[in-house]
Amino acid sequence: MKTKFLYSIFLLAMVNVLFAQNPVTLKLTEKEGLPDVEFYDITEDSEGFIWLAADKGLFRFDGTSYQPFTNPEKRGLSVFNLKIDRQNRIWCNNISGQFFYVKGNRLELFLDLKEELKGELVDFIFNNDKLLLFGAATLLEIDLKTKQRNNLWKKIKLPIKTIRAPYQMNGKIYFALNNDVYCITGSKIEKITSQPFISDNTTNVLKLFGYKNELYLYEYQVNLNKNRFFSIKDRQIHEITFPKYLEGNKVITITEDNGLLWFCTQKGVLSLKRHNTVFEINDAFFENDFITKKIIDKNKNIWLTTINNGVFIIPDLQVRTFENVISNNAIAVIEKISEDKIAIGTLKGDVLIMDLKNGNCYPIPLHPKNKIASLTYLQQQHTLLISTDNFSYCYDVNNGTLKQVNTFFNAKDICQIGKTDQLLFCGFGRANILEFKNNDITVSALLSEKRAYRSFYDETNKKAYITYVDNVVQYDQKWNSTILNYKGRSVIAKEICKTSNDVVWFGTYNEGALGFKNGKFIKNIDVPNGLSSNVVQQIKSDGDDLWIVTDKGVQVFNTLTNQFKPSLFNNTLIGNSKDLIVNKNQVLFATQEDIVLIDKNKKQHTPLPNKIYIQSVTINEKDTLVQQKYSLPYYKNRIKFTFHINGYYPKGDLQYEYRLSGLTNNWILLDDNVNLVNFNSLPSGEYIFQLRAKNRAGNHYVTTEIAVQINRPYWKKWWFIALLISIAFGIIIVFYRNKLAIKEKEKELALEKVTFESELAMLKLENLKSQMNPHFIFNALNSIQEYIVLNQKHLASSYLAKFADLIRAYLDHSSKGTIPLKEEIDCLNIYLELEQLRFEEKFSYKINYDENSAVSDIKIPTMLIQPYVENALKHGLFHKKENRQLSITFEKMENKAILKCTIQDNGVGRKKASELRAYKHKSFATEANQDRLNLLNHDRKEKIGVTIEDLLDSNNEPIGTKVTVLIPILNL
């Protein structure tokens, strides 16, 4: 009794613990790259860029990065009052009286009113092509084109004390002047209130705002920290009542969106809706943050700027969370007690009962504390079964009593068998049947000693199911077991539930969800059927629907239509779900620290992607300008595209697909958070890079494309191929022409050779004729005959032998091209000896050569020297009567491979000899020998040279002839 009393006191002390329920929010801070934490304004432009006015300046957010905008003439960093004009330009101003608009990638200074405003931060509104400035004592109209100023004070004709709270609605501009409200319509200014609405206190903060086309006024009394609200209608102003939540809470900005009135305050943000004439709070959250501005972007995301906590993004107001339900701990399991109440178990052994309506929590004191293994609520017994690693407890929810019973500790799962007092227990090393009596639990039967995970009792068919570590077992009413097989193998599952069509569903580790009915598996929900993953972590039934949690997110499958329902939320808003409860109107997910609530009846919210922007194009690892078409050489074929879509998209809400038309027609899905495509070594060709983005539902696409042409290398272009073919044909033609020419040349050479050899043979014959002319032979034979008549037999025999030797040598030489020099000398000796007989020994000769030299090793052309010797005798010495002399000299020139032959006579000379001849003609032997020289010199590198010199005395009278023959030496 004492224990119960102390526990009741403890419970009363703890029951006031309250956990605020806020929308699931993405917080942008400096850790995520946010350039500041203090923001004054926010807006979205027509292209989906988010603009932030911050203490450090103006920034543009494209969904991934922040770009600053500034101007060198700008004084200070902070900017305020973001506005968009009719040309979709972003405007802002600062406390130094400067007004800027965005042009390109910088701020353009439009106007500088430093001297006029003297440090006052004024508000401004666009009225067609005019800029209207509202300061405490300033009311200016400035033409946007000419910058001409127009002081609107003159139209009011009243002394101006304070101008405040400009507001534009339905084409009209309202503002507070002194204690009245005025309206600007076109060029007309008129007062729309008939009586003052406030005391003469210029320090109070005023804001005009509209709701459902009606005008309202907000006043914050600074000295009293008090808010007042007024309605303005039919020139009358009446104070109205607003919720007490706003008392003492200064309002920063007021906007109207989707039928709700939004107040950004120094203590959070709240939305109101009007019921008849009374404003009621619709929602309130972030009461610990100073909220400066709220906008809703094109994708229905709510953006909130704060003074000291960065920027908040709320993707979906209907996805709520109880944040930080536990501190320095982690949620292990949750259990449904009722539609409005749940139990939470933690890793450190805490158990909390949470009221979902108001967020109140109270703890259940456990001692000692161990990890909470499982929680099971017995509806009929109003008892929460608490199993820890080493202990187990029964907690009566109605009276708050706690009893320790150590029969179901370390449980993985416990379920009630129908409406009986029996329970199915699944643990790490056993599966039992338990019995609940008198707030105590005992073990009545052991089903298995294997590790068991989940149990389920089908009351309709009176069947029990338990998932073990290695199979799934079905039990009948007598607890006879049957192992369930799917496709001939055991089913490895963890989760079990049943839909309203009497199908029992098993969440498996690798085969998705399996439906079992009438003793067999009838359905498999897996990846080919649309499941995001075959690894099922949790599965819960909701009538005909299945809530399936895999390692890749949450999906809802309708078992009647056999189709997945459109997702009501983005999985990233939940995070890693550890447990799941499906209620009538909401679904609860337990993450490590939070409880996330999702309204099942919420409208489907699927963001629509905007225009795709190509951020950069990198070619061969070098950035280049982004163009719609590229024409690249063949070696610039490594291309990378990076891209993005402006605005915020939760992970998974936006999916990119691409294809390279010309290479493939298949669309390729990119992984989440991948915003680049890289192509390596593209072959030559024409391509179109097509990129499209689709939303999570896959019912909306935006597309962009870039044309890329990789030019073929020059050796693959038609003109080069044609050139190669032409060159090849040219080479073939030249080759065959050359070949024909070579053959023709060979024929000509062969013919020339034949002709040459024929001519050479004829010339040899002619030389032979000259050597054996009839006169010479007649004279020689006549001389021999004379020796015979004179009975000089010995001389006759000797000369006859010499004559025979000479004839034999000439005949032998006529068949040779060259002969040794020694043979030529011997023949000359014999020839001259025989010629002496003709001249009756009236001339002398001498053949000079170096007898020590290797004359036998030197070769000269045949029949070359003798014709010149014959000419000396016939034309030089023949006409001389006495002292006839002939000298033949052979000598080898120094340092040259040339044999020099000199034939010199002391005859009458060439001129006298020609005069003495009966008719003028050249010597037959000389002419034949010259032709033969020409043939011998044909194709010779070293030529045979012949010079003839007339020898003269001091009176220029001929005294002989000298013939010099230069012969290139041919060694044997």
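## Helix 8

Of the 12 residues in helix 8, 11 are buried, so this helix is largely enclosed by the rest of the structure. The model described here is a predicted one. The buried residues of helix 8 are Gln866, Pro867, Tyr868, Val869, Glu870, Asn871, Ala872, Leu873, His875, Gly876 and Leu877.

Helix 8 covers residues 866-877, and the distance from its first C-alpha to its last is 15 Å, which is close to the 16 Å expected at 1.5 Å a residue.

## The chain as a whole

Helix 8 belongs to a protein chain that contains 10 helices and 76 strands. The radius of gyration of the protein chain is 61 Å, whereas a compact globule of 972 residues would have one near 30 Å. Taken along the principal axes, the box filled by the C-alpha atoms of the chain is roughly 190 × 100 × 45 Å.

Of the 972 residues in the protein chain, 48% are buried. The area that the protein chain exposes is about 48900 Å², and carbon and sulfur atoms supply 50% of that area. Among the contacts in the protein chain with a separation of 6 or more, 51% are accounted for by residues 24 or more positions apart.

## Strand 29 and its two partners

Strand 29, made up of residues 302-306, is mostly covered, with 5 of its 5 residues buried. Both faces of strand 29 are covered, since one side carries the buried residues Ile302, Leu304 and Thr306, while the other carries Trp303 and Thr305, which are buried as well.

Strand 29 is joined to strand 28 (residues 291-296) by 5 bridges, and these two strands run antiparallel. Within this pairing, Lys294 has Leu304 of strand 29 as its bridge partner. Strands 28 and 29 form a hairpin with 5 residues between them, and in the turn Lys300 has a positive phi of about 70 degrees.

Strand 29 is also joined to strand 30 (residues 311-314), here by 4 bridges and again in an antiparallel arrangement. The bridge partner of Trp303 is Ile313, which lies in strand 30. The hairpin of strand 29 and strand 30 has 4 residues between the strands, and Gly310 takes a positive phi near 75 degrees in it.

## An open sheet of four strands

Another part of the chain holds an open sheet of 4 strands, which are arranged in the order 8-9-10-11 with antiparallel pairing. Strand 8 (80-84) and strand 11 (106-112) stand at the edges of this sheet, and each has a single partner strand, so one side of each is left without a neighbour in the sheet. From one strand to the next, the twist averages 25 degrees.

Strand 11 is joined to strand 10, which spans residues 98-103, by 6 bridges, and the two strands run antiparallel. In this pairing, Phe100 has Leu109 of strand 11 as its bridge partner.

## Thr591 in a loop

Thr591 lies in the loop between strand 58 (586-590) and strand 59 (595-599). Although Thr591 is placed in a loop, this residue counts as buried, because its relative accessibility is 8%, and buried means under 20%.

If the neighbours within four places in sequence are left aside, the residues in contact with Thr591 are Ile331, Ile574, Asn576, Lys578 and Val596.

Key:
Residues numbered from 1 in each chain as written. Predicted model: local features only at pLDDT ≥ 70, side-chain atom pairs only at ≥ 80, totals over all residues. Heavy atoms only, no water. Buried < 20%, exposed > 50% of the residue type's maximum accessible area, 1.4 Å probe, protein only. Contact = heavy atoms within 4.5 Å. Pairing = 2+ DSSP bridges. Axes fitted to C-alpha atoms, helices over the stretch in contact; angles between N-to-C directions. Rg over C-alpha atoms; globule rule 2.2 N^0.38 Å. Areas by Shrake-Rupley, 256 points an atom, 1.4 Å probe, with all protein chains shown as cover. Expected span 1.5 Å × (residues − 1).
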